[in-house]
Amino acid sequence: MTAAEPLLSVRDLVHQFHTNAGVVQAVSGVSFDVYPRETLGIVGETGSGKSTLARAVLQAPRPTSGSVIFRGTDLTTLHGTRLLQVRRHLQMVFQDPFGSLDPKWTVRHLVAEPLVAYRTGDRTARRQRVDEVLELVGLDPAVHGRRRPRELSGGQAQRVAIARAVALSPALLVCDEPVSSLDVLIQAQVLNLFERLRTELGLSYLFIAHDLALVKQVSDRVAVMYLGKLCEVGPGETVYRELLHPYTRALLDSVPDTTPGAGRAAPDQISKVISGEPPSPIDPPSGCRFRTRCPRAAELCAAEEPPMRELASGHAVACHFPLVEAAAKQEGGPAARATSRSDGKI
Amino acid sequence: MTEALLQVEDLQVTFSGGGRPVRAVDGVSYSVYPGQTLAIVGESGSGKTVSCRAVVGLLPPTAAISGSATFGGTQLIGLTDEQLRRHRGADIAMVFQDPTRSLNPTMRVGPQIAEAVRAHRPVSKPRAREQAIDLLRLVRIPLPERRFEEYPHQLSGGMRQRVMIAIALACRPRLLIADEATTALDVTTQAQIMELLLELQAELGMALMLISHDLALAASYADEVIVMYAGRIVEQAPASRLFSRVRMPYTQALLEAIPRLEHPAHAPLPVIGGRPPDLSALPVGCSFAPRCRRAADDCRTTEPPLTEHEPGHRWACWHPVGQGGSGGPGQPGNGGEK
């Protein structure tokens, strides 16, 4: 991306849950950076750990281990007021806006809450800020300000949730499936709002969703997550056009084709659909976690966990047999792996 | 063309519970042919689900239904619940969005399938069990004998939806209606279920109706697509044609609003403002006119009829896309978001 210092650096983040059935390995050693004014998209399916990752970044709840460095400070070492003071710069937007808005409160009250909580300005200044923020997200303070959540449509409620999130002028917005409960036209409106806020407020985003096309639309870089680990990270366009991980391929093949004249899926296209289901995160496979569903899996994949390695500038993959090598080198074995590792500059 | 399996004509559904009557479906007509996949697409409140439920008699008593729906020669509208029950399951089966709410959580999945088998056919219990296991195999559930004994909570969302499909197929229906059947599923699971539905359709020679909010999904798996807005059909065309020759500005708006992999990052999505109209107070003329960038005076006074303007392609619009008039085809939106 840029040579600038990352705004957020996540290193070796691990999050486990203890349940009666065993220990759920929800996030298992995830590392990434988000740079100022950058949007990092994370795409993953149910059970990939993407929502746990989002919450662990915000220390709600705290991760099991690893570090979350925001502007040089490791949030995992902060407590009490010091954590709260940093946390105001990181805000979150969830999937279900109604779930995050108290049904008894008015919109104005809801948007003012974070300002009151952080004792920002006096009553008049807060009032003014609420007006400002509501207008920013495309709501009319005079009309929508007095409404309660049940009097709002899904799109309007999500705008209120976004207004709350940006009220304290954060640097980073963590969005977890922020538009997946909305109809497509409303979804497009809210996506455009995120884009506008990005340029107008200079925001950075950690944008998490299950839809690869949607994530690519809003992101500078895209990370693909599977069963608690990142498989592939790179610029969105590169991950789409020169993808390296077989799981990314599977995700892409599952996206309905909407190019003009596409029409009904051809039988050969259908057969590419990946089979099986993700294994349980309580007992993840040894080595590469995708190997049980991977058409390219070999013995090495069960024995050794593939490290994340950069194969092209800014484009990294955690796979013993990435797709690009198969095209370049027919054998695609460990020998080819060693070659490309020496080729790839980190 | 062969004879239609299901023929719906001038279907009207009005809800009159309390306040002003809500006209949820207004004059909907379509046909489903044997072996065909028909998709009905629309946003929340467009009437796509209500129009289907009206046909199979799954609406509450507050719904006033008129019009005609003939299935294999039998008129379904006006039948008593008991008469309809003979058709539901045996002739027409439905699969819904949320399998967890459709399955009994306290009952093993196998007996739930066997129950569906026995509901319509006088077969012995051991025979029903055999058929249930066959059905689990049919929907590609591995180790069907073992899965038979499991409870719904022991299955993944995709597996539960396969069980729902097995139940729907218990009596080999001639028409399967999938109402947002893959909406709650992940993309890879969604692709698996769609693949399964199309395979089963070919195997069993069923007609398939996909009810969905997702135009991309519908159009990439269906033969024919119907787009609904505010209770009416606004466009109908073969799926392949809809992408290349969209006519109705609403369909175009839906198509353009879908994030696509080919689009560059951060490019604003062309979107239209506003929201679908209140169905109890519809505007005069075209219901879409208040949000339409091609709307002219005639749109606000006279409702455009749904007409077959080109072979196999029906639309309801006075100023369709790609046919001159104000604003050319593919004209970018204002890019704003209101």
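The exercises below walk through a predicted model with chains A and B, each with a worked solution. Residues are numbered from 1 along each chain as its sequence is written, chains are lettered from A in the order in which they are written, and, the model being predicted, local features need pLDDT of at least 70, side-chain atom pairs count only at pLDDT 80 or more, and totals for chains, interfaces and linings use all residues.

**Exercise 1. Describe the overall build of chain B.**

Step 1: Start with the elements. Chain B holds 11 helices and 12 strands, where helices (H or I, at least four residues) and strands (E, at least two) are DSSP runs, numbered from the N terminus.

Step 2: Look at the extent. Along the principal axes, the C-alpha atoms of chain B fill a box of roughly 65 × 50 × 45 Å. The radius of gyration of chain B is 21 Å, which agrees with the value near 20 Å for a compact globule of 338 residues; the radius is taken over C-alpha atoms, and the globule rule is 2.2 Å times the number of residues to the power 0.38.

Step 3: Look inside. Of the 338 residues of chain B, 50% count as buried, which means that 20 or more other C-beta atoms lie within 10 Å of a residue's own, with C-beta atoms placed from the backbone (exposed is 12 or fewer, partly exposed in between).

**Exercise 2. Work out the order of the strands in the open sheet of chain B, and find its edges.**

Step 1: The four strands of this open sheet in chain B follow the order β2-β1-β4-β5, with antiparallel pairing. Two strands pair if DSSP finds at least two bridges between them.

Step 2: β2 (22-32) and β5 (74-75) of chain B each have a single partner strand, so they stand at the edges with one side lacking a neighbour in the sheet.

Step 3: Zoom in on one pair. Strand β1 (residues 6-15) of chain B runs antiparallel to β2(B), and eight bridges join them. Opposite L6(B) you will find V32(B) in β2(B).

**Exercise 3. Place helix α1 of chain B and decide whether it is covered or open.**

Step 1: Helix α1 (residues 48-56) of chain B lies across β1, β2 and β4 (63-71) of chain B, at about 110 degrees to β1(B). Axes are lines fitted to C-alpha atoms, for helices over the stretch in contact, and angles run from 0 to 180 degrees between N-to-C directions.

Step 2: α1(B) is mostly covered, with nine of its nine residues buried. Among them are K48(B), R53(B) and V56(B).

Step 3: Just after α1(B) comes G57(B), with a positive phi of about 70 degrees.

**Exercise 4. Describe how chain B meets chain A.**

Step 1: The contact takes 40 residues from chain B and 42 residues from chain A; two residues are in contact if their C-beta atoms, placed from the backbone, lie within 7 Å.

Step 2: On the side of chain B that touches chain A, α8 (187-204), α9 (215-221), α10 (239-244) and α11 (249-257) each supply at least two residues. The largest share, six residues, comes from α8(B).

**Exercise 5. Find the surroundings of L110(A).**

Step 1: L110(A) lies in helix α3 (residues 107-117) of chain A. It counts as buried because it has 23 C-beta neighbours inside 10 Å.

Step 2: Leaving out residues up to four places away in sequence, L110(A) touches L101(A), D102(A), W105(A), V160(A) and R164(A).
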